[in-house]
Amino acid sequence: MTADNAPAGSANGPTGPDTWALTGVTALLGEELTPTRQATIVITDGRITAAGHLHDPGPAVPRLHRPDLLVTPGFLNGHTHIGDAAFAEAGFRTEGVDLLYAPDGQRWQLMARATDEQLVTGMRQAMQTMIRCGVVAFEDFREQGRHGVDLLRQAARGLPIRALALGRHADLPFTTEQLQANTGGLSEEAQAEIRDILDIADGFSVVSPNQLTDTALAQTADLVRAAGKRLAAHVSERDADRQTSLARTGRSDIARAIEILRPDYLVHATAATPEELRAAARAGMAIVMCPRSHAGLGFGVPPYLGAVAAGVNVALGTDNVMTTTPSPHEEANFLVKAERWRTGTVRHPGPGRLLAAMTVNAAQALGATDLGSLSVGRAATFVAFDTASPNLAASVANDPAAALVNRATAGDIAAVVFGGRTVVGTLDRPTLPATRPGPAPAQPYGPS
Ligand SMILES: [Zn+2]
């Protein structure tokens, strides 16, 4: 892709008092994230109304000319648990299974002891961190039933970020013995709890297919779909999950998710086989992968390249805030190294695909169709990197796409714009273009 042959933008948008243009920037435009130099982005009432190379917004539109900025769509964090942000590093020395797994994991004990105020403060700090990292939306698997979703809503109040909350049961609905028998469905109370959570949540999350019977997986899907809400599930975090599921049901946990639960997307798939990844692709199911979290827990690095090769739409998430910083940008930076280590070559993964995994692909996985790309009709929600920063200057000059996934940090962000409004950093006020002086008036002929 070259910068200067990108398609021109659409026709002018309306030019009322709330229209302004960012001009002269380098921007990753459209669904293909096409690097475009001397780009113009026109914004009207918080939406993009035109975007393209050297697009002229017209004389009536105030503009801000910033050739020093590299503009990407705002990042989406495809998977988080911000409810444990108050316990960051408290479990740094705890084995992953002992840390995270309900009901006895250290995380669950800490959460049970914490006050609502502590949890809300931690969640709010996690969201403030995400905003500074250029995150404009995230989807959280919120614990603690309906109350947990309510706490997240409180924590998000007034912050310029879209907080999508998928609730879950406050307590596990089945005993181990019931799960081993794989018979029986959700109790009336457990079904009522799902309906109650869906009243205020954006959807429902299944912690693992191994925590529900096959009948309960189908019931859960029916309840969520009847409410018109979104559904997602953790799958295949470790090979032990597959073995547990096979022993109880004759199918792997990821196969049961794909065939019975049919969620909008899967999370992790770190231990998925190539055939399971192909099955996810055939089912049109996106996978949100969390490479740093799973590497940090000692579970392994999710098969990003294998999933892409299988035809899966892969997005990135950062998982538990207590283990990992909530920056998808750092996720991409880590994944470059991890996949190169795994494959023994520098040919993959391409920086463009990694940028897509935290923008356009993630927006598709989360159903946030107004986010994820700098395209006409989308929200004017983007990250502007300072190409003159000491960290980025040489890197951007050599390879702008690689600069973004291999070097850029939150410290290089000049501004984050959310719905047309600058929420991180500052951008000068757009001004009307100076009117060109007209031709000099003709001098009267005659003796002077
Ligand atoms: Zn998770």
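**Arg142 and its partners**

I started at Arg142, which counts as buried because its relative accessible area is 0%. This is a predicted model, so I read every distance below as a property of the prediction. Next I looked for a partner and found Glu143, whose side chain forms a salt bridge with Arg142, with the closest N and O atoms 3.2 Å apart. Glu143 is buried as well, also with a relative accessible area of 0%.

Which residues are linked with these two in a network of salt bridges? I got Asp84 and Arg107, joined with Arg142 and Glu143. Arg107 and Asp84 meet in a salt bridge of their own at 2.6 Å, N to O. I placed Arg107 in helix α2 (residues 106-113) and Asp84 in the loop between β6 (75-81) and α1 (96-100), so this pair ties together parts 23 residues apart in sequence. Then I checked burial: Arg107 comes out at 2% relative accessible area, hence buried, and Asp84 is buried at 0%.

**Another buried acid**

I moved on to Glu139, which forms a salt bridge with Arg230, the closest N and O atoms being 3.9 Å apart. That pair links distant parts of the chain, with Glu139 in strand β7 and Arg230 in strand β10 (residues 230-235), 91 residues apart. Glu139 has a relative accessible area of 0%, so I put it down as buried. For the whole structure I noted 23 salt bridges.

**Helix α4**

I ran a length check on α4 (residues 145-156). Its 12 residues at 1.5 Å each should span 16 Å, and the end C-alpha atoms sit 17 Å apart, which agrees. Where do the buried residues of α4 lie around the axis? I listed Gly145, Gly148, Val149, Leu151, Leu152, Ala155 and Ala156 as the buried ones. They cover an arc of only 155 degrees, which puts them on the same side of α4. Their cover includes α3 (116-132), β7 (135-141), β8 (162-167) and α6 (188-200). Just past the helix I found Gly158 with a positive phi of about 80 degrees.

**Helix α13**

I did the same length check here. With 16 residues (328-343), α13 should span 22 Å at 1.5 Å a residue, and its end C-alpha atoms are 22 Å apart, so expectation and model agree. The buried residues of α13 include Pro328, His329, Glu331, Leu335 and Val336. Right after α13, Gly344 takes a positive phi of about 70 degrees.

**Ala310**

Buried or partly exposed? Ala310 has 21% relative accessibility and buried means under 20%, so I logged Ala310 as partly exposed. Ala310 belongs to helix α12 (residues 304-310). Leaving out residues up to four places away in sequence, I found that Ala310 touches Leu277, Arg278 and Ala281. I also took the C-alpha separation of Ala310 and Leu159, which is 38 Å for 151 residues along the chain.

**Between the domains**

The domain assignment gives domain 1 (19-74 + 372-425) and domain 2 (75-366), and I put their C-alpha centres 30 Å apart. I then looked at the interface, where 25 residues of domain 1 are in contact with 24 of domain 2. About 1,800 Å² is buried between them, 72% of it from carbon and sulfur atoms. In domain 1, Gly74, Val405 and Phe418 lose the most area to domain 2, together 29% of what that side buries. How many salt bridges cross this interface? I found 0 by the rule.

Technical notes
Residues are numbered from 1 along each chain as its sequence is written. Side-chain values use heavy atoms; hydrogens and water are left out. Helices (H or I, at least four residues) and strands (E, at least two) are DSSP runs, numbered from the N terminus. The expected span of a helix is 1.5 Å times one less than its number of residues. Buried means under 20% relative accessible area, exposed over 50%, partly exposed in between (1.4 Å probe, protein chains only). The arc is that of the directions from the helix axis to the C-beta atoms. Contact means heavy atoms within 4.5 Å. Domain bounds come from an automatic or database domain assignment. Buried area is the accessible area (1.4 Å probe) that two parts lose on being put together, summed over both. A salt bridge is a side-chain nitrogen of Lys or Arg within 4 Å of a carboxyl oxygen of Asp or Glu.
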